[in-house]
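This report describes the ligand site, the enclosed spaces and two backbone features of a single protein model. Please consult the sequence and the structure shown below while reading.

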Amino acid sequence: MKPISISRPLLGDEEKEAVLAVLESGQLAQGPRVREFEEAFAALCGVREAVAVSSGTAALMTALLAHGVGPGDEVITSPFTFAATANAVLFAGARPVFVDVSDSDFNIDPALIEAKLTPHTRAIIPVHLFGHPCDMVAITALAERHHVAVIEDACQAHGAAVGERKAGSFGSGCFSFYATKNITTAEGGMITTEDPHIAERARVIRDHGQTARYRAETKGYNFRMTEIAAAIGLAQLARLPDLNERRRANARYLSQRLQGVITPTERAGCHHVYHQYTVRVPSPRPDSSQARDALAARLERSGIQTAVYYPIPVHQQPYYRDLGYGDSLPIAERLSREVLSLPVHPALTPGDLERIVAAVNESPQEA
Ligand SMILES: Cc1ncc(COP(=O)(O)O)c(C=O)c1O
């Protein structure tokens, strides 16, 4: 039986033609297509400015530096994320402070943030995990009250929204266009912001700190996006509403039929874009991942690829333990033993979806 993969980029003639046009133009490095992609992406998010960079990690680092985050500063974020979120804070010279998540949506729990604020807190990085937006009403209110910046890790949340407002419009937004994301440029990233001053600083930082050719006024890197990536990104952006709708329809199909697992929820008023469709499979013993692992093994035998995002929360990663982290964050730790992401990508066929449901529902989860 044909295997069903956990992710698959959807690229067509538009992307191929766009790449060929770049190759024929002779302009390969950052140029007019990057500018066009930035403008289109800013419009998607409903913000004034967008700055294209070479990856989601570069977007996070650039945004942190553009906000002036540096040594001596603390940045509050989620432990239940890809390590890039916290690594960017370390690379900016600041200290990540982890706040536990909510088991209803896997996102940072706003009610727990206040207790971790100190005079050193400079920013909060909420991560819109799996495409479900964080409670941005509570987080932005808290951030305003305490005068800290909000830098959204929207790397998995292209097109997600809270009410009418898009992810990436609540603070400075950071997006990734890695190959598995809802839209891709192979590798790539974007910073979105309402603040022209932050956008200007980001443009300087992504290009060696130069304010003019060979005039470096601040520390910077080469975080530029190529014209090839931007051309693919423009073609992908045109597909995003359709791609997200297909993800949402696949998620609806699964949630209506799956048995024996805890299916993901969408908070009222939120628009989830299902970068991942992540179920929970609790084991009778809460310190065990046996039931989750058994289901993953069974699906693998049926040719259905699954993934665990994330098996080790960031504060318990070996490198972070060496830095002295590891304090108990019980919800993130429990989720890391329970979560299993099932295929939800837009290339799934009705037959694939039926197979996934049949394989999950086959028998009660063993403990
Ligand atoms: C939540 C999160 N943050 C940051 C990143 C980093 O993005 P990139 O891989 O484009 O550097 C990713 C993507 O892998 C991500 O999923």
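## Backbone features, ligand site and cavities

Tyr310 is placed in the loop between α8 (290-301) and α9 (318-322). The model is a predicted one. In this loop, the peptide bond that runs from Tyr309 to Tyr310 is cis, and its omega is near 10°. A second backbone feature concerns His147, a residue in the loop between α5 (136-146) and β5 (149-153). His147 has a phi near 55°, which is a positive value in a residue other than glycine.

**The ligand and its shell**

The ligand sits in the largest pocket. There are 15 residues around the ligand, and those that come nearest are Gly56, Thr57, Asp153, Gln156 and Ser176. Three of the polar distances to the ligand can be set side by side.

| Residue | Protein atom | Ligand atom | Distance |
|---|---|---|---|
| Gly56 | backbone N or O | oxygen | 2.8 Å |
| Thr57 | side-chain N or O | oxygen | 2.5 Å |
| Ser176 | polar side-chain atom | oxygen | 2.7 Å |

Taken alone, the ligand exposes 380 Å², and 91% of that area is buried by the protein.

Which helices supply at least two residues each to the shell around the ligand? They are α3 (56-66) and α4 (84-91). Of the elements involved, α3 gives the most to this shell, namely 3 residues. By class, the shell around the ligand consists of 5 nonpolar, 8 polar and 2 charged residues.

**The largest pocket**

The largest pocket, in which the ligand sits, holds about 420 Å³ of space. Its lining is made up of 22 residues; Phe82, Gln156, Ser176, Tyr178 and Lys181 lie nearest the centre of the pocket. Gln156 and Ser176 are thus named here and also among the residues that come nearest to the ligand.

The helices noted for the ligand shell appear again in the lining of the largest pocket, to which α3 and α4 each supply at least two residues. The largest share of this lining comes from α3, with 3 residues. In terms of residue class, the lining of the largest pocket contains 9 nonpolar, 10 polar and 3 charged residues.

**Enclosed cavities**

Rolling a probe the size of a water molecule over the atoms reveals where empty space remains. How many cavities of 30 Å³ or more does the structure hold? The structure holds 3 of them.

The largest cavity has a volume of about 80 Å³. Its lining comprises 15 residues, and those nearest its centre are Arg8, Pro9, Leu10, Lys181 and Arg247. Lys181 therefore deserves a second look in the display, as this residue lines the largest cavity and the largest pocket, given that a lining residue has an atom within 4 Å of a grid point. The lining of the largest cavity divides into 6 nonpolar, 6 polar and 3 charged residues.

The second largest cavity contains about 50 Å³ of space. Its lining includes Ser104, Asp105 and Phe106, together with Leu129, Phe130 and His132. Further along the chain, Pro264, Thr265, His272, Gln276 and Thr278 also line the second largest cavity. By class, this lining has 4 nonpolar, 6 polar and 1 charged residues.

Technical notes: Residues are numbered from 1 along each chain as its sequence is written. This is a predicted model: local features need pLDDT of at least 70, side-chain atom pairs count only at pLDDT 80 or more; totals for chains, interfaces and linings use all residues. Side-chain values use heavy atoms; hydrogens and water are left out. A residue is near a molecule or strand if one of its heavy atoms lies within 4 Å of it. A polar contact is a pair of N or O atoms within 3.5 Å; within protein, one must be able to donate a hydrogen and the other to accept it, and residues adjacent in sequence count only if both atoms are side-chain atoms. Accessible areas come from the Shrake-Rupley method with a 1.4 Å probe; for residues, only the protein chains shown count as cover. On a 1 Å grid over the protein atoms alone, a cavity is a set of points where a 1.4 Å probe fits but cannot get out, and a pocket is an open set with protein on both sides within 12 Å along at least five of seven lines; lining residues have an atom within 4 Å of a point. A molecule sits in a cavity or pocket if more than half of its atoms lie within 2 Å of its grid points. Helices (H or I, at least four residues) and strands (E, at least two) are DSSP runs, numbered from the N terminus. Ala, Val, Leu, Ile, Met, Phe, Trp, Tyr, Cys and Pro count as nonpolar, Asp, Glu, Lys and Arg as charged, and the others, Gly among them, as polar. Grid points are joined across faces, edges and corners, and a volume is the space filled by probe spheres set on the points.
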